[in-house]
Amino acid sequence: MSAEGGEVRLVHWGAGDLPLLSGLVGDPAMMEHLGGPEGEEKIRDRQRRYEAPGSGAFKVVDPASGEGAGWVGFWPREWGGEEAFEVGWAILPAFQGRGLAGAAAAAIVGLAEADGRHDAALAFPAPDNGASNAICRRLGFEVLGEADMEYPPGRMGRWNVWRLAFGRRR
Ligand SMILES: CC(C)(COP(=O)(O)OP(=O)(O)OC[C@H]1O[C@@H](n2cnc3c(N)ncnc32)[C@H](O)[C@@H]1OP(=O)(O)O)[C@@H](O)C(=O)NCCC(=O)NCCS
């Protein structure tokens with residue numbers, strides 16, 4: 001798994017990763033395109049789901065420092081009548097702009113494919129999330145269009161719909 005100028009390592013999300021999770025989903029700047037920051041209770045719920053064995057949630061380890069730099073994950077998601085895997089990524093501001101998200105995204109797509117249950121990955125970045133849309137494009141995802149969806153619960157928003165058939169992965 002290579003990132004520009006180094007390697008990216010994914011480690012299954014662990015019990016000690018709550019502070020990292022708070023830095024990711026509790027930070028208003030990080031959640032600008034994702035409906036705003038989550039509160040403590042929501043973050044603890046998310047932590048419980050992520051640390052459960054087989055959750056599909058991974059810590060992204062910064063190759064330079066060995067520190068936890070972010071999260072990537074995959075989970076089952078139906079779209080347009082197809083059962084697939086949704087994939088997601090987030091990298092702390094201090095580690096952004098170095099290709100870590102792109103490398104971690106490629107790695108998580110590989111893990112979703114290797115899981116073997118589904119034939120495609122889906123991603124739903126906000127249309128104005130430049131970096132996230134760039135990652136989808138670079139990995140060979142095809143844009144299916146925009147869709148109005150309720151996310152997070154109680155909030156309607158417009159999202160890009162990207163799909164990657166695993167056989168066509170770059
Ligand atoms: C999206 C996010 C993960 C990107 O992290 P990152 O480590 O900075 O990403 P990378 O350095 O791997 O760059 C990814 C690509 O985006 C491009 N990019 C960065 N900022 C961009 C912008 N504002 N507009 C367009 N492209 C941009 C980079 O050039 C790179 O493209 P390339 O690989 O073709 O050169 C990070 O900004 C983040 O965690 N944001 C908050 C959470 C989030 O929105 N997650 C995605 C939910 S769908």
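Which residue just after H3 takes a positive phi? In this predicted model, the residue is glycine 116, whose phi is about 85 degrees, and the views below begin with the helix that precedes this glycine.

**View 1. Helix H3 and the glycine that follows.** Helix H3 covers residues 100-115, 16 residues in all, and spans 22 Å from its first C-alpha to its last, which is close to the 22 Å expected at 1.5 Å a residue. Because 12 of these 16 residues are buried, H3 is largely enclosed by the rest of the structure. The buried residues include the run Leu100, Ala101, Gly102, Ala103, Ala104, Ala105, Ala106, Ala107, Ile108 and Val109, and Ala112 and Glu113 are buried as well. Just after the helix comes glycine 116, with its positive phi of about 85 degrees.

**View 2. The shell around the ligand.** The ligand is surrounded by 22 residues, of which the closest are Gln96, Ala101, Gly102, Gly130 and Ala131. Strand E6 (82-91), H3 and helix H4 (130-139) are the elements that each contribute two or more residues to this shell. H4 gives the most, with six residues. By residue class, the shell is made up of 11 nonpolar, nine polar and two charged residues. Two of the closest residues, Ala101 and Gly102, are also listed among the buried residues of H3.

**View 3. The open sheet of seven strands.** The seven strands follow the order E3-E4-E5-E6-E7-E9-E8 and form an open sheet with mixed pairing. At its edges are strand E3 (9-12) and strand E8 (142-150), each of which pairs on one side only. From one strand to the next, the twist averages 30 degrees.

**View 4. The pairing of E6 with E7.** E6, which also gives residues to the shell around the ligand, runs parallel to strand E7 (residues 120-123), and two bridges join these strands. Phenylalanine 85 has alanine 121, in E7, as its bridge partner.

**View 5. Valine 8, in a loop leading to the sheet edge.** Valine 8 is found in the loop between strand E2 (6-7) and E3, the latter being one of the edge strands of the sheet. Is this valine buried or exposed? Valine 8 is buried, because 25 other C-beta atoms lie within 10 Å and the cut-off for a buried residue is 20 or more. Although valine 8 and valine 61 are 53 residues apart in sequence, they are 6.3 Å apart in space, C-alpha to C-alpha.

Definitions and conventions:
Residues are numbered from 1 along each chain as its sequence is written. This is a predicted model: local features need pLDDT of at least 70, side-chain atom pairs count only at pLDDT 80 or more; totals for chains, interfaces and linings use all residues. Helices (H or I, at least four residues) and strands (E, at least two) are DSSP runs, numbered from the N terminus. The expected span of a helix is 1.5 Å times one less than its number of residues. A residue is near a molecule or strand if its C-beta atom, placed from the backbone, lies within 6 Å of it. Ala, Val, Leu, Ile, Met, Phe, Trp, Tyr, Cys and Pro count as nonpolar, Asp, Glu, Lys and Arg as charged, and the others, Gly among them, as polar. Two strands pair if DSSP finds at least two bridges between them. Axes are lines fitted to C-alpha atoms, for helices over the stretch in contact, and angles run from 0 to 180 degrees between N-to-C directions.
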